[in-house]
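Q: I am new to this structure and would love a close look at one part of it. Could you walk me through the surroundings of a single residue?
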Amino acid sequence: MPERNNDFGRFGASGVKGSELVGRKLDDLAGGITTPITAKRGLMARLNYLTRSDHARQAARDAGLTVTDRTLKAWLEGKRHPSKKNLKKIDDAYRAVRRQNVARHLLKRLNANGGTRVEIHPLNQSGVARPLQRDVPFRHMNVRRWDRIIGAWAAGDHHGLDAAWTDDILPDLGSQYGAYEYCTNIGFAA
């Protein structure tokens with residue numbers, strides 16, 4: 001019975017972990033600010049999102065944005081500009097807070113009507129020698145319970161997301177589920 005790939009890409013296959021692709025898709029579904037943080041508009045939008053309430057400020061602190069209120073006020077007034085390190089912290093905190101804020105709504109949408117149909121595009125075997133290639137077709141399935149996946153995604157727990165996707169969802173594909181640990185794309189909508 002296949003399990004996890006230990007030496008992926010050894011013979012030339014390429015792809016990305018399915019759980020990472022699921023996380024990216026959830027980030028797309030969560031939406032948010034699209035202007036880059038390096039632009040003044042993007043920075044101000046993120047700072048306003050992170051400081052609009054006491055709850056948002058506390059969530060930003062919990063996500064790793066630990067600056068004084070005085071520094072935050074100077075950034076908001078445009079008197080000072082954050083360093084590259086702080087820009088990354090602001091962006092990471094924004095993404096973490098945004099995930100927490102939309103997780104419940106997203107979970108409700110994905111679990112509605114018996115689950116969500118997911119399309120799984122297999123790994124790319126164009127770099128693998130012909131005799132070593134396997135028949136790994138395009139698959140689709142209905143994921144009925146998103147609770148563990150959304151919980152790990154909202155918490156920023158990459159290992160938990162990988163375990164939820166690989167151990168809970170992929171075995172529903174049948175005995176060759178290990179061939180879908182790495183993929184080129186995973187698509188679904190909510």
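Is Arg 46 buried or exposed, and what is Arg 46 in contact with?

A: Happy to help! This is a predicted model, in which local features need pLDDT of at least 70 and side-chain atom pairs count only at pLDDT 80 or more, while totals for chains, interfaces and linings use all residues. Residues are numbered from 1 along each chain as its sequence is written, and side-chain values use heavy atoms, with hydrogens and water left out.

Arg 46 is buried, with a relative accessible area of 3%. Buried here means under 20% relative accessible area, exposed means over 50%, and partly exposed lies in between, using a 1.4 Å probe and protein chains only. Arg 46 belongs to helix H2, residues 40-51. Helices (H or I, at least four residues) and strands (E, at least two) are DSSP runs, numbered from the N terminus.

Now for the company it keeps. Beyond its neighbours within four places in sequence, Arg 46 is in contact with Ile 33, Thr 35, Pro 36, Ile 37, Ile 90, Asp 91 and Tyr 94; contact means heavy atoms within 4.5 Å. With Tyr 94 there is a further detail: the charged end of Arg 46 sits over the ring of Tyr 94, 5.5 Å from its centre. A charge counts as over a ring if NZ of Lys or CZ of Arg is within 6 Å of the ring centre and within 35 degrees of the ring normal. The charged end of Arg 52 likewise sits over the ring of Tyr 49, 4.3 Å from its centre.

Those rings bring us to the aromatic pairs, of which the whole structure has two. Tyr 49 and Tyr 94 have ring centres 5.1 Å apart and planes at 75°, so this pair is edge-to-face. Rings of Phe, Tyr and Trp (its six-membered ring) pair if their centres lie within 6.5 Å; planes under 30 degrees apart count as stacked, over 60 as edge-to-face and the rest as tilted. Tyr 49 in helix H2 and Tyr 94 in helix H5 are 45 residues apart, and their pair links distant parts of the chain. Tyr 49 and Tyr 94 are both buried.

The other pair, Trp 146 with Phe 188, is tilted, at 5.0 Å centre to centre and 45° between the planes. Trp 146 lies in the loop between E3 and H6, and Phe 188 in the segment after E4, 42 residues apart. Trp 146 is buried, with a relative accessible area of 0%, and Phe 188 is buried too, at 5%.
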